[in-house]
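I opened a notebook on this chain to record what I looked up, one topic at a time. The entries below follow the order in which I worked.

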Amino acid sequence: MTPRGMGIDVVDVARVTRMLERNGERILARVLTAGERAYCETQAGPARHVAARIAAKEAAFKAFQAAGARGLLTWREVEVRRQPHGEPTLVFHDRAARAMRELGVGRALVSLSHSDAQAVAVVLLVA
């Protein structure tokens with residue numbers, strides 16, 4: 001595996017909680033895919049899970065930029081999914097999927113963690 005780009009991001013859960021309290025429906029529709037939203041809404045403390053997905057998407061954006069991608073990707077073009085045993089994976093749609101192919105990226109590795117206070121994500125794009 002040859003690294004192509006890496007990104008990391010930390011998100012404050014209290015900030016996400018405030019965003020959801022003020023503009024919950026708008027934020028969720030703008031930032032999460034339907035699958036991500038369904039997952040987060042079934043969890044105790046959904047703001048932690050939303051924060052982890054925001055961190056993963058921001059980390060992915062940084063990894064793409066580090067790999068040489070030009071142009072902006074949108075929130076819903078990067079999706080966090082859970083495998084049967086619970087480990088997260090990233091799925092790329094539209095421009096993000098095209099950027100993966102153009103950059104010669106075969107796989108994206110992601111690690112997520114969160115507490116009541118913060119969520120963090122690391123994304124590594126590999127050839």
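The entries go from the whole chain to its salt bridges and then to single residues.

**Entry 1: ground rules.** I am working with a predicted model, in which local features need pLDDT of at least 70 and side-chain atom pairs count only at pLDDT 80 or more, whereas totals for chains, interfaces and linings use all residues. Residues are numbered from 1 along each chain as its sequence is written, and side-chain values use heavy atoms, with hydrogens and water left out.

**Entry 2: the chain as a whole.** I looked up the secondary structure, taking helices (H or I, at least four residues) and strands (E, at least two) as DSSP runs numbered from the N terminus, and found 4 helices and 5 strands. Read from the N terminus, the order of the elements is β-α-α-α-β-β-α-β-β. The radius of gyration is 14 Å, close to the 14 Å that the globule rule gives for 127 residues, so the chain is as compact as a globular protein of that length; the radius is taken over C-alpha atoms, and the rule is 2.2 Å times the number of residues to the power 0.38. Along the principal axes, the C-alpha atoms fill a box of roughly 40 × 25 × 25 Å.

I then turned to burial, where buried means under 20% relative accessible area, exposed over 50%, and partly exposed in between (1.4 Å probe, protein chains only). Of the 127 residues, 43% count as buried. The accessible surface, by the Shrake-Rupley method with a 1.4 Å probe, comes to about 6,900 Å², and 51% of this belongs to carbon and sulfur atoms. For contacts, meaning heavy atoms within 4.5 Å, I noted that residues 24 or more positions apart account for 58% of those with a separation of 6 or more.

**Entry 3: salt bridges.** Side chains of opposite charge can pair when their charged atoms come close. I searched the whole structure for salt bridges, each a side-chain nitrogen of Lys or Arg within 4 Å of a carboxyl oxygen of Asp or Glu, and the search finds 7.

One of them joins Glu25 to Arg37, with the closest N and O atoms 2.6 Å apart. Glu25 lies in helix H1 (residues 13–31) and Arg37 in helix H2 (residues 34–41), so this pair ties together parts that are 12 residues apart in sequence. Arg37 counts as buried because its relative accessibility is 18%.

Arg37 also meets Glu41 in a salt bridge at 2.9 Å, N to O. These two residues are 4 apart in helix H2, which means that about one helical turn separates them. Glu41 is partly exposed, at a relative accessible area of 47%.

The next pair I followed was Asp116 with Arg48, whose closest N and O atoms are 2.8 Å apart. Asp116 lies in the loop between strand S4 (107–114) and strand S5 (118–126), and Arg48 lies in helix H3, so the pair ties together parts that are 68 residues apart in sequence. At 60% relative accessibility Asp116 counts as exposed, while Arg48, at 22%, counts as partly exposed. Returning to the earlier pairs, I noted that shared partners join Glu25, Arg37 and Glu41 into one network.

**Entry 4: Arg53.** Which side chain of opposite charge is nearest to Arg53? The answer is Glu36, 5.1 Å away, and Arg53 is buried yet has no salt bridge. Arg53 sits in helix H3 (residues 46–67). Leaving out residues up to four places away in sequence, Arg53 touches Leu32, Glu36, Tyr39, Cys40, Val80 and Arg82.

**Entry 5: helix H4.** Most residues other than glycine have a negative phi. Asp94, however, has a phi near 50°, a positive value in a residue other than glycine. Asp94 lies in helix H4 and counts as exposed at 51% relative accessibility. Arg101 is also placed in helix H4 (residues 94–102) and counts as exposed at 59% relative accessibility. Arg101 and Ala127 are 26 residues apart in sequence, and their C-alpha atoms are 9.8 Å apart in space.

**Entry 6: Ala34.** My last look-up was Ala34, which is found in helix H2 and is exposed, with a relative accessible area of 60%. The C-alpha atoms of Ala34 and Glu79 are separated by 9.6 Å, although the two residues are 45 apart along the chain.

Definitions and conventions:
Lys and Arg count as positive and Asp and Glu as negative; His and the chain ends are not counted.
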